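Colleague: I'm new to this one, so please pick a single spot, take a close look at it, and then work outwards from there.

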Amino acid sequence: MTGRFPSSQPMRAPPLQKPSNSKSPPRPTKFAPDFSVTPSSEFFASQIQVQLNAEDVFNVYLNATKRKSSAESDPPNKSAKFAVPGLDADPNALLVIIFLHGAGFSALSWAPLVKCLGESLFNAHFVAMDLRGHGMTRTQSEDNFNFDLLSTDVCDVYEALVQFGHLPAGEDNNTKLFLVGHSMGGALAAYIGANCQQRLPNLGATCIIDVVEGSAIDALSGMKNVLRSRPKSFKSEQQAVEWSVRSGYIKRRDSAKVSMIGQIIPLSSPLAANQASEAENCDAGIKGSLDALQEVDDDDCEQVYDEKNEPSPTVKDSIASPAKQHNTPTQTKPVAGLNGTSPESDVNYPRCVLVDPDNPIGLNKTSEDSESFTWRIDLFKTEKFWQSWFTGLTSNYLAFPGPKLLILAGVDRLDKDLTVAQMQGKFQMLVLPKAGHAIQEDVPDKVADALATFVQRNKLAPTNDSTFSRTTAGC
């Protein structure tokens with residue numbers, strides 16, 4: 001019997017796979033960073049033109065926090081938010097914080113900080129003004145930056161805002177004034193604290209940000225090179241914002257989107273005709289130009305914190321449309337129209353004009369796509385004032401008898417005299433090493449925590465303990 005085995009199929013090699021013509025799946029598309037301008041109305045409740053006389057008109061942004069109610073005086077879980085017994089201020093205490101920007105910056109440099117700080121304080125009023133020669137302020141003497149004149153400007157604007165009810169009056173010692181200044185504005189705040197206490201008797205505290213006398217004077221020798229490294233013009237507002245972020249001038253994109261528009265003006269503006277000296281000092285191939293910048297990803301423009309698109313608290317005055325004018329029976333002179341209109345024949349000074357946010361003036365106007373921009377101020381023309389700004393800064397700062405706070409971006413910025421004074425407990429100091437020179441724009445949340453802690457420690461105003469983290473003075 002012959003056995004048969006089933007025939008086995010021959011082993012075959014697996015078919016060769018044809019090379020695919022399809023490429024690897026494309027990488028997800030990255031959206032380009034948004035460098036569009038953010039309007040100031042998202043940070044400030046109102047914009048006011050303070051007209052001191054026929055020639056001098058100062059641009060001011062105002063905001064205010066809500067009043068502390070009896071229901072908010074004793075939070076149910078207060079101990080969980082690091083509240084310290086005995087640090088509660090008088091619930092009826094009012095605080096006015098005046099922010100003074102640095103040279104070349106504008107009042108909008110404080111916009112991100114105001115938004116953060118507004119969540120932490122009760123009964124507070126915020127005032128950010130464009131100093132002489134900056135932003136939307138227009139004065140007869142645009143190139144005079146003597147501190148005697150600048151301090152007079154600050155006092156005059158503050159008194160006018162109080163006179164017309166935009167700020168509370170310092171009656172019965174119930175309203176305190178707090179000066180916060182950055183760079184040149186910090187030196188100005190120290191000067192006012194030492195020399196203007198008669199005009200500002202309710203001045204309760206000062207804070208200077210990233211400026212000390214020794215290191216500031218040492219840095220003046222290289223200031224011209226810094227200015228020459230900047231682009232002399234921008235093709236659009238968005239390009240100015242993009243340059244500020246990618247060059248590291250302002251590290252936080254959301255801050256640059258609101259603050260850069262206050263530092264530039266259209267080339268068609270009459271003020272731009274006076275910028276020839278800066279243009280002559282800037283070559284086409286400067287290292288700060290946009291063409292020399294390396295490409296960066298959206299991750300390089302990472303946000304310091306996640307902003308909430310919530311409307312800012314409003315102040316007592318509502319925004320009028322058209323602009324609401326307040327007059328007082330004082331001096332009478334003609335004044336030039338804010339929008340280039342003909343002068344009015346019978347105007348009283350000082351006066352305050354509320355600007356309609358739907359019909360902004362000056363730099364807030366939407367420009368044409370083809371409009372180019374240049375810097376609002378020619379900083380080369382301020383060179384003769386540089387030495388005087390910072391000479392005597394330490395003595396002015398320490399001369400003010402009230403509470404003082406110094407915020408720095410690095411301990412290397414602290415000179416010998418301030419080091420000794422700090423060790424003697426004459427002021428409080430905080431170092432935020434991850435920030436650049438514009439600390440209030442790079443890390444507004446950390447600066448807001450520092451200011452809220454300082455306000456709480458010195459009982460300047462009631463604080464909302466659930467919205468900020470208390471900081472410890474020192475490094």
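Modeller: E371 sits in the loop between β11 and β12, where helices (H or I, at least four residues) and strands (E, at least two) are DSSP runs, numbered from the N terminus. This is a predicted model, so local features need pLDDT of at least 70 and side-chain atom pairs count only at pLDDT 80 or more, while totals for chains, interfaces and linings use all residues. Residues are numbered from 1 along each chain as its sequence is written, and side-chain values use heavy atoms, with hydrogens and water left out.

Which residues does E371 touch, if you skip those up to four places away in sequence? They are K235, S236, P266, L267 and S268, with contact meaning heavy atoms within 4.5 Å. Take S268: it is 103 residues from E371 in sequence, yet their C-alpha atoms are 8.0 Å apart in space. Contacts across long stretches of sequence are a big part of this protein, too: of the contacts with a separation of 6 or more, 78% are between residues 24 or more positions apart.

Now on to helix α6, which covers residues 237-246. Seven of its 10 residues are buried, so you can call α6 mostly covered; buried means under 20% relative accessible area, exposed means over 50%, and partly exposed is in between (1.4 Å probe, protein chains only). The seven are E237, Q239, A240, V241, W243, S244 and V245. Among the elements covering them are α7 (253-259), β7 (264-266) and β12 (373-375). After α6 comes G248, with a positive phi near 85°.

Positive phi turns up in residues other than glycine as well. N123 has one of about 60°, in the loop between α1 (111-117) and β4 (124-129). With a relative accessible area of 1%, N123 is buried. S183 is another case, with phi near 55°, and its place is the loop between β5 and α3. S183 also counts as buried, at 14% relative accessibility.

That brings us to α3. Of its 12 residues, 10 are buried, so the rest of the structure largely encloses this helix. You can trace them as M184, G185, G186, A187, L188, A189, A190, Y191, I192 and G193. What do these buried residues pack against? Their partners are β3 (94-100), α2, β5 (175-182), β6 (203-209), α9 (383-390) and α10 (393-399).

Have a look at α2 and α3 together. The axes of α2 (residues 147-163) and α3 (residues 184-195) come within 10 Å and cross at roughly 80°; axes are lines fitted to C-alpha atoms, over the stretch in contact for helices, with angles from 0 to 180 degrees between N-to-C directions. The two helices are therefore roughly perpendicular, a label for angles of 65 to 115 degrees. On the α2 side, the contact is made by F147, D148, L150, S151 and V154, while α3 brings M184, A187, L188, Y191 and I192.

On the β6 side, T206 belongs to that strand and is buried at a relative accessible area of 2%. Beyond its neighbours within four places in sequence, T206 is in contact with F178, L179, A189, Y397, F400, P403, K404, L405 and F454.

Back to α2 for the interior. The largest nonpolar core has 61 residues, a core being a set of buried Ala, Val, Leu, Ile, Met, Phe, Trp, Tyr and Cys residues joined through side-chain atoms within 4.5 Å. Helix α2 gives the most to this core, with eight residues. V50, L100, L161 and L406 have the most contacts inside it. Leaving out residues up to four places away in sequence, V50 touches D56, V57, F58, V60, V157, A160, L161, R351 and C352. A separate core has 56 residues, including A111, F178, A450 and F468.

One last oddity is the cis peptide bond between Y349 and P350, with omega about -10°. P350 lies in the loop between β10 (344-349) and β11 (351-354). Stepping back, the protein has 13 helices and 14 strands, and 52% of its 475 residues are buried.

Methods: Angles under 35 degrees count as roughly parallel, over 145 as roughly antiparallel, 65 to 115 as roughly perpendicular and the rest as oblique.
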